[in-house]
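Please walk through the structure shown here, beginning at the ligand and moving outward to the domains, two loops and the buried helices.

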Amino acid sequence: MEDLNITVLRLGHRPLRDRRMTTHIALVARALGARSVVVTEKHPKLERAVEEVTRKFGGDFSVQIEPHWKSFVRQWEGPVVHLTMYGEPLEKTVDRIPKRDVLVIVGAEKVPPEVYQLADFNVSVTNQPHSEVGALAILLDRMTEAGWTRLNFEGRMRIIPLGNGKIVIDMDGIYLSDNDCLRMLEEVGCEEDVVSHARTVAKIAVKIAGECRADVDLVRTAALLHDIGRTKTHGPGHGFEGAEILRRFGFPENIVLIVERHVGGGLDSKGAAELGLPERDMIPTTLEEKIVCIADKLVEDGKKVPIDKEIQKLKEKGLDKAAERLQILYQEVEDIASTDLDRLGA
Ligand code: SAM
């Protein structure tokens with residue numbers, strides 16, 4: 001799918017009649033893995049609509065204007081596929097289309113006859129008349145072998161589908177509301193005491209984040225979700241397991257990494273490998289990762305405890321290096337906060 005660079009050429013757009021259809025062509029093309037749509041004249045509304053969707057939902061899809069479509073098609077170096085009800089059936093052609101820069105032509109009304117000659121493949125999605133939007137969607141699905149299902153747009157807005165609705169992550173806003181974080185925990189079956197611990201950790205983490213001028217909403221969201229991996233294990237692998245759960249749901253990496261790196265004072269690659277986890281550092285590096293890690297260590301049985309208690313526990317387990325790392329981390333966050341963290345109430 002990475003090598004398959006698909007461009008869609010929209011021919012015959014009639015400004016009033018086809019405005020929404022052409023926008024839908026562009027949106028379907030973007031969502032199903034094409035890189036750009038080419039139109040033959042400027043359509044400010046189309047460009048604005050595509051820009052807005054791409055700004056919010058990610059990806060690098062573009063709208064290009066090519067007034068001289070014939071020379072554009074002639075000069076196209078890869079295969080040219082024309083979608084038409086008068087073409088050869090898709091199921092007979094799709095495997096013959098080379099998987100490199102592909103130009104897909106879709107019409108609005110009848111396209112000029114030259115298109116049939118210029119195309120390497122005239123392809124029909126049934127020989128019944130229907131819609132260019134539907135035909136394009138099916139063609140892209142088949143050409144990418146459903147590769148669109150694995151696309152990651154890295155957008156500022158993410159829709160997380162849950163069994164009983166959806167969650168919207170708005171990275172330009174408050175990330176997730178508290179209520180949506182709790183729905184997420186409920187969705188994966190988090191136990192009540194884990195949820196209650198997460199609430200207390202979030203309260204402390206938000207206070208520390210405020211003192212440190214860190215991203216308070218990111219900290220609040222990740223702190224509420226930090227123990228989601230306890231649905232899989234209560235062992236030290238729960239940070240990694242939690243991160244994997246969130247990755248599968250499509251959560252952004254800045255939230256995921258806070259969850260992955262919150263265990264103890266973080267795990268170095270050797271420690272991670274010893275636990276049977278991927279051999280990579282899971283040590284908090286951003287300020288928000290450090291804050292959630294520290295806030296978690298300040299809560300035991302739903303109550304705020306001094307950091308020394310956790311440091312002592314690590315030492316008793318013979319984890320001197322981890323204890324030392326936690327001590328340093330705590331000091332670093334306290335210095336940034338310029339306040340005694342032990343005195344910050346829950
Ligand atoms: N029906 C004519 C055709 O398929 O060539 C043209 C008009 S149709 C309203 C507009 C566009 O829809 C066509 O240019 C073609 O790209 C697409 N289309 C409609 N039915 C199709 C089909 N059965 N298979 C493939 N494409 C189709």
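How far is an oxygen atom of the ligand from a polar backbone atom of M85? The separation is 2.8 Å, which falls under the definition of a polar contact (a pair of N or O atoms within 3.5 Å; within protein, one must be able to donate a hydrogen and the other to accept it, and residues adjacent in sequence count only if both atoms are side-chain atoms). This is a predicted model, in which local features need pLDDT of at least 70 and side-chain atom pairs count only at pLDDT 80 or more, whereas totals for chains, interfaces and linings use all residues. Residues are numbered from 1 along each chain as its sequence is written, and side-chain values use heavy atoms, with hydrogens and water left out.

Two further polar contacts involve the ligand: an oxygen atom of the ligand is 2.9 Å from an N or O atom in the side chain of T84, and a nitrogen atom of the ligand is 2.9 Å from a polar backbone atom of T126. The protein covers 88% of the 520 Å² of accessible area that the ligand has on its own (Shrake-Rupley method with a 1.4 Å probe; for residues, only the protein chains shown count as cover). Around the ligand there are 17 residues, of which L83, M85, V125, T126 and Q128 come nearest, where a residue is near if one of its heavy atoms lies within 4 Å of the molecule. By class, this shell has nine nonpolar, seven polar and one charged residues (Ala, Val, Leu, Ile, Met, Phe, Trp, Tyr, Cys and Pro count as nonpolar, Asp, Glu, Lys and Arg as charged, and the others, Gly among them, as polar). Strand 4, strand 6 (121-124) and helix 6 (132-143) each supply at least two residues of the shell, and strand 4 gives the most, with four residues; helices (H or I, at least four residues) and strands (E, at least two) are DSSP runs, numbered from the N terminus.

Strand 4 (residues 80-89) also holds H82, which counts as buried because its relative accessibility is 1% (buried means under 20% relative accessible area, exposed over 50%, partly exposed in between, with a 1.4 Å probe and protein chains only). Leaving aside neighbours within four places in sequence, H82 is in contact (heavy atoms within 4.5 Å) with residues including I105, V111, Y116 and F121.

The chain is divided into domain 1 (6-150) and domain 2 (158-343), with bounds from an automatic or database domain assignment, and the C-alpha centres of the two domains lie 45 Å apart.

Most residues other than glycine have a negative phi. A146, however, has a positive phi of about 60 degrees although it is not a glycine; A146 lies in the loop between helix 6 and strand 7 (157-162) and is partly exposed, at 26%. Y175 likewise has a positive phi of about 60 degrees, in the loop between strand 8 (165-170) and helix 7 (178-187), but Y175 is buried at 7% relative accessibility.

Helix 9 (residues 216-225) is largely enclosed by the rest of the structure, because eight of its ten residues are buried. What covers these buried residues includes helix 7, helix 8 (192-212), helix 10 (238-249), helix 11 (253-260) and helix 13 (287-297). At the start of helix 9, a side-chain oxygen of D215 reaches to within 3.3 Å of the backbone nitrogen of D217.

Finally, L326 sits in helix 15 (residues 320-337) and is buried, with a relative accessible area of 0%. Not counting residues up to four places away in sequence, L326 touches several residues, among them G264, I294, I307 and L314.
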